[in-house]
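Biologist: I'd like to learn how to read a model like this one. Could you walk me through it, feature by feature?

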Amino acid sequence: MAIDKGVTNVSALRGGWAAWQQAGYPLEGTRVPTPSPLVVAIEEMTVLGSPDAPVTIEEFSDFQ
Amino acid sequence: MLQTLSQIKEAYIDTGLVRYVVKDFPLLSHPNAAIAAEAARCAGAQGAYWAMHDLLFNLQKQWSPQGSEQVVDAFVGYAEDLKLDPLAFRQCLDSGEFGELVRLDVWEGEQAGVQGTPSFRINGQLIRGAYPFETFQELIEAELENTP
């Protein structure tokens with residue numbers, strides 16, 4: 001269940017602030033919501049290297 | 001591509017100059033590609049994304065021709081080879097836990113103009129096709145020169 005929530009969170013985050021609000025996540029004043037460690041971990045599992053690296057390579061690939 | 005990635009890792013990722021992100025883009029013409037993408041992520045849920053990633057590419061000829069049920073059994077076998085919890089892994093695959101994330105990657109690729117695999121974005125610039133390390137080296141060095 002926690003994973004399902006995380007996936008929804010990712011979708012909302014990718015849609016920006018409006019999507020976050022539309023998804024019904026709690027609003028606390030004007031504070032920008034931060035993703036849970038679970039969401040970050042899921043997002044980062046396919047990533048190598050420093051988030052501060054000057055060059056980002058995204059590979060769109062197909063295992064088959 | 002595994003060899004090229006290994007060279008990029010040694011020269012640029014491990015030195016902090018490149019961040020490398022794998023996005024799934026399973027092609028419709030490859031019937032086992034989507035479940036393979038989910039298998040890699042299910043392994044990732046147990047801390048073994050890259051081990052499964054490499055295994056799937058190395059054993060591609062073994063699992064590619066299999067039917068939908070046999071291929072799941074093959075992936076569970078790979079999970080066992082990697083000392084993962086096979087029950088949790090199979091449950092992850094059966095539940096489609098990571099299907100939504102795979103579909104998000106496909107959507108993102110389509111928005112970026114990806115039409116086939118492999119394709120790459122280097123600091124946002126789309127490159128279509130597989131290239132040797134030397135080509136990536138030129139492109140990365142050009143980006144590094146443009147970095148303030």
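Modeller: We'll go through the overall build, the shared sheet, the cores and a few backbone oddities.

Biologist: Before that, what sort of model is it, and how are things labelled?

Modeller: It is a predicted model, in which local features need pLDDT of at least 70 and side-chain atom pairs count only at pLDDT 80 or more, while totals for chains, interfaces and linings use all residues. Residues are numbered from 1 along each chain as its sequence is written, and chains are lettered from A and ligands numbered from 1 in the order in which they are written.

Biologist: How many helices and strands does chain B have?

Modeller: Helices (H or I, at least four residues) and strands (E, at least two) are DSSP runs, numbered from the N terminus. Chain B has eight helices and three strands. Their order from the N terminus is α-β-α-α-α-α-α-α-β-β-α.

Biologist: And what does the radius of gyration tell me about chain B?

Modeller: That radius is taken over C-alpha atoms, and the globule rule to compare it with is 2.2 Å times the number of residues to the power 0.38. For chain B the radius is 16 Å, close to the 15 Å that the rule gives for 148 residues, so chain B is as compact as a globular protein of that length. Its C-alpha atoms fill a box of roughly 50 × 30 × 25 Å along the principal axes.

Biologist: How do the two chains meet?

Modeller: Start with contacts: two residues are in contact if their C-beta atoms, placed from the backbone, lie within 7 Å. Here 25 residues of chain A contact 43 residues of chain B. On chain A's side, the elements giving two or more residues are helix 1 (2-14), strand 1 (47-48) and strand 2 (55-61). Strand 2 of chain A gives the most, with seven residues.

Biologist: Which strands make up the sheet, and in what order?

Modeller: Strands of a sheet pair through backbone hydrogen bonds, either parallel or antiparallel. Two strands count as paired if DSSP finds at least two bridges between them. In this model, five strands form an open sheet in the order 1(A)-1(B)-2(A)-2(B)-3(B), with mixed pairing. Strand 1 of chain A and strand 3 of chain B are the edge strands, each pairing on one side only.

Biologist: Can you take me across it, pair by pair?

Modeller: Sure. Strand 1 of chain A pairs antiparallel with strand 1 of chain B over two bridges, and A:Val47 stands opposite B:Val21 there. Next, seven bridges join strand 1 of chain B to strand 2 of chain A, and these two run parallel; A:Ile57 has B:Tyr20 as its bridge partner. Then strand 2 of chain A runs antiparallel to strand 2 (residues 119-122) of chain B, with four bridges. In that pair, A:Phe60 is partnered by B:Ser119, and A:Glu58 stands opposite B:Arg121.

Biologist: Is strand 1 of chain B enclosed or open?

Modeller: A residue is buried if 20 or more other C-beta atoms, placed from the backbone, lie within 10 Å of its own, exposed if 12 or fewer, and partly exposed in between. Five of the seven residues of strand 1 of chain B are buried, so the strand is largely enclosed by the rest of the structure.

Biologist: Which residues sit at the heart of the largest nonpolar core?

Modeller: A nonpolar core is a set of buried Ala, Val, Leu, Ile, Met, Phe, Trp, Tyr and Cys residues joined through C-beta atoms within 7 Å. The largest has 29 residues, and those touching the most other members are B:Ala36, B:Ala39, B:Ala40, B:Ala43, B:Met52 and B:Leu93. Helix 2 (33-44) of chain B is one of the elements that give two or more residues, and this helix gives the most, with nine. Not counting residues up to four places away in sequence, B:Ala39 touches B:Met52, B:Leu56, B:Phe75 and B:Leu93. A second, separate core of eleven residues includes A:Ile57, B:Tyr20, B:Phe136 and B:Ile140.

Biologist: Where does the backbone do something unusual?

Modeller: Most residues other than glycine have a negative phi, and most peptide bonds are trans. The bond from B:Thr117 to B:Pro118 is cis, with omega near -5 degrees, and B:Pro118 lies in the loop between helix 7 and strand 2 of chain B. B:Lys83 has a positive phi, near 65 degrees. B:Lys83 is exposed, with 10 other C-beta atoms within 10 Å, and is placed in the loop between helix 5 and helix 6 of chain B. B:Asn123 also has a positive phi, near 45 degrees, and counts as partly exposed with 17 C-beta neighbours inside 10 Å.
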